[in-house]
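Q: Please take a close look at one helix of this model and at the helices that pack against it, and then set that part beside other local features of the chain. A connected account with angles, distances and residue names would suit me best.

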Amino acid sequence: MNFWHELARPIIGLAPMDGVTDHAFRYIQKKYGDPMLIYTEFSSVENICISGDTRALRHFTYDETQRPIIGQIYGHTPRYFWQVAILLCELGFDGIDINMGCPAKSVANNGAGAGLIRTPDVAQEIVRQAQAGVAAWQNGATLADCTNLNKRFAQHVAEKRRDLVEPFSERRPVPVSVKTRIGFDEPVTEAWISALLEVEPVAIGVHGRTLQQMYRGAADWEEIAVAAEVARGTDTVMLGNGDVKSMDQAYTYCEQFGVDGILVGRATYGSPFFFRGIKRQHQKGSQHAESFDESEPYANADAHFDIALEHAHLYEETFYAETRYHFLPMRKHLGWYIKSVPGARKLRQRMHQTSSAQEVEELLTEFRASAVETTFE
């Protein structure tokens, strides 16, 4: 048993998104919405094993509030997955997810991400190696057994492990899952999901587009239903992903397309309360559930301003010590937070020019103290 099988159904989680789901964003989503599970941004196993630079681990920053948290990795070299699986176990992650869905050319053209759909034998071996790495760690393997990992990682991981609490500091089963797409240039859902099921990942998240589609067009939920049907009768949890815009839609899609849960991505941009709509069972199997009254005034402008500022400060605290720190990645979040605030067009423009949390605070103070129509419009 592991956390995947303990979660109430349907599972509603925050999808991994490169350049978005960093520590600060995940913290905010968990604090104000509380998704049932979350993933980190993906990190390259080749980069981790070859570079020797501890900055390669920046995506693996998290805190205890974010559990259950899954560390996501990608790559095309199976033996590196064995080593990075041990690394993630040492860092205390609840699960390990292998990205087989990224459509970026720089990833797929190297045979990683969604490029693995064309090489199912390599994809299977990657899952096996990650699973073997977890098993080796359970049996006592350490970073000293990972010949491609720089020794500096050991000190970094030791510092992280000091903050872990039981049972996350103990050697325990750490489940391996996969996040993928329905095909490369056309849907091959049945054959592809069947190949993945042969190596028994604990869960598979399926985005309803091919690699060629990138994020264009509509996600094909009929193909996601095919994936769910292929997995029926197995122990693998099936999650759908793509174009889910509300909690009501998430629950409807779970019933309509036969998945065990939904991963929500872009609908969470600037929406820290999105997951407040989750209906949680008091205990597994209970027919009683608590629900969130979405009419409550959580999504007002002041709340979004306060959270935007909190997010900016946390982003700064998290990454400021980095050698190449810059505030630029935070700006898109600021724009998303105030995208629906009336009269804030000029504020958004100025937000996109900020370089610190202090500048964000000054702009918000000015906006709140001034008449919208005279100062910003």
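A: In this predicted model, helix α11 (residues 301–319) packs with helix α14 (residues 357–369) at an angle of about 165°, and the two axes lie 9 Å apart. Because an angle over 145 degrees counts as roughly antiparallel, α11 and α14 are described as roughly antiparallel to each other. The crossing in which α11 passes α14 is left-handed. On the side of α11, the contact is made by D302, F305, D306, L309, A312, H313 and E316, while α14 contributes A357, V360, E361, L364, F367 and R368. Sorted by character, the residues of this contact of α11 with α14 comprise seven nonpolar, one polar and five charged.

The helix α11 also packs with helix α12 (residues 328–337), here at an angle of about 170° and with the axes 10 Å apart. That angle makes α11 roughly antiparallel to α12 as well. In this contact, α11 is represented by H304, I307, A308, H311, A312 and Y315, and α12 by P329, M330, H333, L334 and Y337. The division for the contact of α11 with α12 is eight nonpolar, three polar and no charged residues. A312 of α11 takes part in the contact with α14 and is also listed in the contact with α12.

Between these helices in sequence lies helix α13 (residues 345–351), which holds R348. With a relative accessibility of 23%, R348 counts as partly exposed. Once its neighbours within four places in sequence are left aside, R348 is in contact with G335, I338, K339 and V341. The C-alpha atoms of R348 and K332 are separated by 9.7 Å, and these two residues are 16 residues apart along the chain.

Two other helices, α4 and α6, can be described by their span and their covering. Helix α4 (residues 78–90) has 13 residues and reaches 19 Å from its first C-alpha to its last, which is close to the 18 Å expected at 1.5 Å a residue. The helix is mostly covered, with ten of its 13 residues buried, namely Y80, F81, Q83, V84, A85, I86, L87, L88, C89 and E90. These buried residues of α4 pack against α3 (45–51), β3 (69–74), β4 (95–100), α6 (120–138) and α7 (151–161). After α4 comes G92, which has a positive phi near 85°.

Helix α6, one of the elements against which the buried residues of α4 pack, has 19 residues and reaches 27 Å from its first C-alpha to its last, close to the 27 Å expected at 1.5 Å a residue. Its buried residues are A123, Q124, I126, V127, A130, G133, V134, A136 and W137, and what covers these buried residues of α6 includes α4, β4, α7, β5 and α8 (189–197). The glycine that follows α6 is G140, whose phi is positive and near 110°.

Some backbone features in the loops also deserve attention, and the background to them is that most residues other than glycine have a negative phi, and most peptide bonds are trans. D34 has a positive phi of about 65° although it is not a glycine, and this residue is placed in the loop between α2 (23–32) and β2 (38–44). At 31% relative accessibility, D34 counts as partly exposed. M214, which is likewise not a glycine, has a positive phi of about 55° and is placed in the loop between β6 (203–210) and α9 (221–231). M214 is also partly exposed, with a relative accessible area of 30%.

As for the peptide bonds, a cis bond joins R9 and P10, with an omega of about -5°, and P10 lies in the loop between α1 (3–6) and β1 (11–14). Another cis peptide bond joins E166 and P167, with an omega of about 5°, and P167 is found in the loop between α7 and β5 (176–183).

Conventions:
Residues numbered from 1 in each chain as written. Predicted model: local features only at pLDDT ≥ 70, side-chain atom pairs only at ≥ 80, totals over all residues. Heavy atoms only, no water. Axes fitted to C-alpha atoms, helices over the stretch in contact; angles between N-to-C directions. Helix = DSSP H or I, 4+ residues; strand = E, 2+ residues; numbered from the N terminus. Parallel < 35°, antiparallel > 145°, perpendicular 65-115°, else oblique. Left-handed = near helix turned anticlockwise from the far one by under 90°. Contact = heavy atoms within 4.5 Å. Nonpolar A, V, L, I, M, F, W, Y, C, P; charged D, E, K, R; others polar. Expected span 1.5 Å × (residues − 1). Buried < 20%, exposed > 50% of the residue type's maximum accessible area, 1.4 Å probe, protein only.
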